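Colleague: Got a minute to go over the pockets with me? I'd like to start with the lining.

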Amino acid sequence: MTTGFAAIPNASAYRLTNARSALCLIDGASLAADPDGLALVDLGIEDGRIVSILPAGTETPDAGPALDLDGGIVLPRLVDVHVHLDKGHIWPRRRNPDGTFMGALNNVMVDREANWSADDVRTRMEFGLRCAYAHGTAAVRTHIDSVGKQIGISWPVLAELRAKWAGRIALQASPLFGVQFVVDAEHMKAVTAAVKAHGDGLFGCVTYMIPEIEKALDIVFRNAIEHGFDLDFHVDETNDPEARTLELIAEAALRHRFAGKVLAGHTCSLALQTPEDEARIIGKVRDAGIAVVSLPMCNMYLQDRQAGRTPRWRGVTALHELKAAGVPVMIASDNTRDPFYAYGDLDLIEVLREGTRILQLDHSGADWANAVARTPAAIMGCEGQGVIAPDGAADLILTRARDWTEFFARPQSDRTVLVNGKPIDRTLPDHRELDHLMAVAAQ
Ligand SMILES: [Zn+2]
């Protein structure tokens, strides 16, 4: 038997039987799970929607033809809450010379100044969306580099792509710039205007321990309250334990009684605090209602890198401790083939697989699949996504893996992706399609 898309019944009503799914990803069904948190179910699908979720083997006469999935794991389409579509795939023309964070920052800046026309940004962003869609992603939050002339170039492209991809991928964006620009009133005005014209009610920046950090955070929170923005920060992406802007963000959220959503990305240096400092900071993050996304592949690539020295740290934040304290936690892709990360393809199954290994998500509860599904869907406000639920869209990823060891042992390249109950073409775009943009001499 094959789960290739030729095998999906071509009928408006059909069933997927003997599907195995993580109990944490299913709503509205009474099921018993195995020790891995997986349950065998029969899914009824009608006119592109899930109409029933029943224990496998339940008699359902007249429910249409059935495809027996033979115990293969089924996931909802997944949600990528932290990516950089606008930076994607520039590596061939601007590589990271030493693989460090500063090497990434400086070389992206040079490439942006020289090459990021609307055409260039649009083509690379859409390439990323095509990859994400083919891998089975339903929603993407991207950061948009927002400094100087780039503000006027990238935000209209984002709006155009959001409209073009509606119905396939829900796209939303947050501005990205260093917190030192916050004290520049003209800059804040320009970014706020771009977000209001083209954005998704989402604002953010990269926080550093600059002397005026608390004043800058006050400006960001006041601006967000005035305009009704949610917030998304790049936080403490460093091995310097003195970097504690996460704590300052939590204090600012509490001080301003901020009612919007706040997402903190990276928070790497939290893992390098003393246990007392770590517990205090995590307590404030929880009290402030801040959610945290770890970017395991990118963090392991950039952090603790020194020429000639083997890394001793995986680069990731204290994700287990955050989760244990009740902080909503998630993992996401981050960069793809740019100076911040030389690899990546916006494949959340890769992120879940590598995240499981890097963060040791295994042996620690059976609900980690939520970190790329239900939890990011909630922070993005994507109702009904990242979950398998009655009356939800039949947006599913079907695999042949029958348990997590089979699932994580292989890349699941033979997965089938259903959108509204129909299999999509999973052909990935060829990197050669971008060659014409890379023709400028790499410096
Ligand atoms: Zn990022």
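**Pocket talk**

Modeller: Sure. In the second largest pocket, α12 gives the most to the lining, with 3 residues. Keep in mind that this is a predicted model.

Colleague: What's the volume of that second largest pocket?

Modeller: The second largest pocket comes to about 340 Å³. It has 14 lining residues, and the closest to its centre are Asp362, His363, Gly365, Trp404 and Phe408.

Colleague: And which elements give two or more residues to the lining there?

Modeller: Those are α10 (348–358) and α12 (404–409).

Colleague: Which domains does the lining of the second largest pocket draw at least three residues from?

Modeller: Domain 1 (13–75 + 386–423) and domain 2 (78–380) each supply at least three residues to that lining.

Colleague: How do the residues of that lining divide: nonpolar, polar, charged?

Modeller: For the second largest pocket, 8 are nonpolar, 4 polar and 2 charged.

Colleague: OK, switching over. How much space lies in the largest pocket?

Modeller: About 410 Å³. The largest pocket is lined by 25 residues, with Leu105, Arg112, Gly178, Val206 and Tyr208 the closest to its centre.

Colleague: Which helix provides the largest share of the lining of the largest pocket?

Modeller: That's helix α1 (residues 101–115), which contributes 6 residues to the lining.

Colleague: And how many of the lining residues are charged in the largest pocket?

Modeller: In the largest pocket, 5 are charged, alongside 12 nonpolar and 8 polar residues.

Key: Residues are numbered from 1 along each chain as its sequence is written. This is a predicted model: local features need pLDDT of at least 70, side-chain atom pairs count only at pLDDT 80 or more; totals for chains, interfaces and linings use all residues. Side-chain values use heavy atoms; hydrogens and water are left out. On a 1 Å grid over the protein atoms alone, a cavity is a set of points where a 1.4 Å probe fits but cannot get out, and a pocket is an open set with protein on both sides within 12 Å along at least five of seven lines; lining residues have an atom within 4 Å of a point. Grid points are joined across faces, edges and corners, and a volume is the space filled by probe spheres set on the points. Helices (H or I, at least four residues) and strands (E, at least two) are DSSP runs, numbered from the N terminus. Ala, Val, Leu, Ile, Met, Phe, Trp, Tyr, Cys and Pro count as nonpolar, Asp, Glu, Lys and Arg as charged, and the others, Gly among them, as polar. Domain bounds come from an automatic or database domain assignment.
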